[in-house]
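Thanks, everyone. I'll keep this short. Please look at the screen while I talk.

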Amino acid sequence: KIDPFPGFDSVRIGFDLLKEVFNENEKTWMSALSNVKGIYLIADTKTGKLYVGSAYGEEAFWQRWKKYIETGHGGNVKLKNLIQENGFEYTSNFEFSILEIRNMVTDDDVIIKREAYWKDCLLSRRFGYNDN
């Protein structure tokens, strides 16, 4: 059984458990993650490398994180290469957390600027998986 959504300031979930959340369409997680935009972090627990991403659009986090569950990389080039080199099972090293949330009426440009801010703060371009 999956625990209910813990609150945005307490999200820290491994890929495998997140996959279960999506496979079961866990209602509290789906509701919470579909109704806010924001910035998230994927930490590679094997290497310590970070990836900062943004979630916006119709279902925000839910829609964005679903892409990771389906592909393992969500379209990110460096994560895609990592999965190709190490196999899909490497995703079990990924841990997802939320850095910042905004309401759904927030302009997407604001979200993208906040994403860049977090990339700079966490040095994820220099030392992590961000390349833009």
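One definition before we start: a residue is buried when its relative accessible area is under 20%. Keep in mind that this is a predicted model.

Let's begin with helix 3. In this helix, A60, F61, W62, R64, W65, Y68 and I69 are buried. What do those buried residues pack against? They meet helix 1, helix 2 (27-33), helix 4 (77-86), and strands 2, 3 and 4.

Now the length of helix 3. There are 12 residues, and at 1.5 Å a residue they should span 16 Å. The end C-alpha atoms are 17 Å apart, which agrees. Right after helix 3 comes G72, with a positive phi near 90°.

Stay with helix 3 and bring in helix 1. Helix 1 covers residues 15-23, and helix 3 covers residues 60-71. At what angle do they pack? The angle is about 115°, and the axes are 10 Å apart. The crossing of helix 1 past helix 3 is left-handed. From helix 1, the contact uses F15, L18, K19, V21 and F22. From helix 3, the partners are W62, W65, K66, Y68 and I69.

Next, helix 5, residues 108-122. Its 15 residues should span 21 Å at 1.5 Å a residue. The end C-alpha atoms are 21 Å apart, so the expected span agrees.

Which residues of helix 5 are buried? They are I111, E115, W118 and K119. Looking down the axis, these buried residues fall within an arc of 105°, so they line one face of the helix. What covers them includes strand 2 (37-44), strand 3 (50-55) and strand 4 (94-102).

Both ends of helix 5 deserve a look. D107 caps the N-terminal end. One of its side-chain oxygens lies 2.8 Å from the backbone nitrogen of D109. After the helix comes L123, and its phi is positive, near 55°.

Keep going into the segment after helix 5, and you reach S124. Is S124 buried or exposed? Its relative accessibility is 1%, so S124 counts as buried. Beyond its neighbours within four places in sequence, S124 touches L50, V52, K119, Y129 and N130.

That list takes us to V52, in strand 3. V52 has a relative accessible area of 0%, so this residue is buried too. Setting aside neighbours within four places, its contacts include I39, Y40 and L41. L99 and N130 are also among them. From helix 5, V52 contacts E115, W118, K119 and L122. S124 is on the list as well. How far apart are V52 and Y117 in space? They are 9.8 Å apart, C-alpha to C-alpha, with their positions 65 residues apart in sequence.

Last stop: F8, in the segment before strand 1 (12-14). F8 has a relative accessible area of 23%, so this residue is partly exposed. Leaving aside neighbours within four places, F8 is in contact with A32, V36, I98 and I101. A32 belongs to helix 2, while I98 and I101 belong to strand 4. F8 and E100 are 92 residues apart in sequence. In space, their C-alpha atoms are 8.4 Å apart.

To recap: helix 1 and helix 3 pack at about 115°, the buried residues of helix 5 line one face, and S124 and V52 are in contact. I'll stop there and take questions.

How values were computed
Residues numbered from 1 in each chain as written. Predicted model: local features only at pLDDT ≥ 70, side-chain atom pairs only at ≥ 80, totals over all residues. Heavy atoms only, no water. Helix = DSSP H or I, 4+ residues; strand = E, 2+ residues; numbered from the N terminus. Expected span 1.5 Å × (residues − 1). Buried < 20%, exposed > 50% of the residue type's maximum accessible area, 1.4 Å probe, protein only. Arc of directions from axis to C-beta. Contact = heavy atoms within 4.5 Å. Polar contact = N/O pair within 3.5 Å; in protein donor to acceptor, adjacent residues only side chain to side chain. Axes fitted to C-alpha atoms, helices over the stretch in contact; angles between N-to-C directions. Left-handed = near helix turned anticlockwise from the far one by under 90°.
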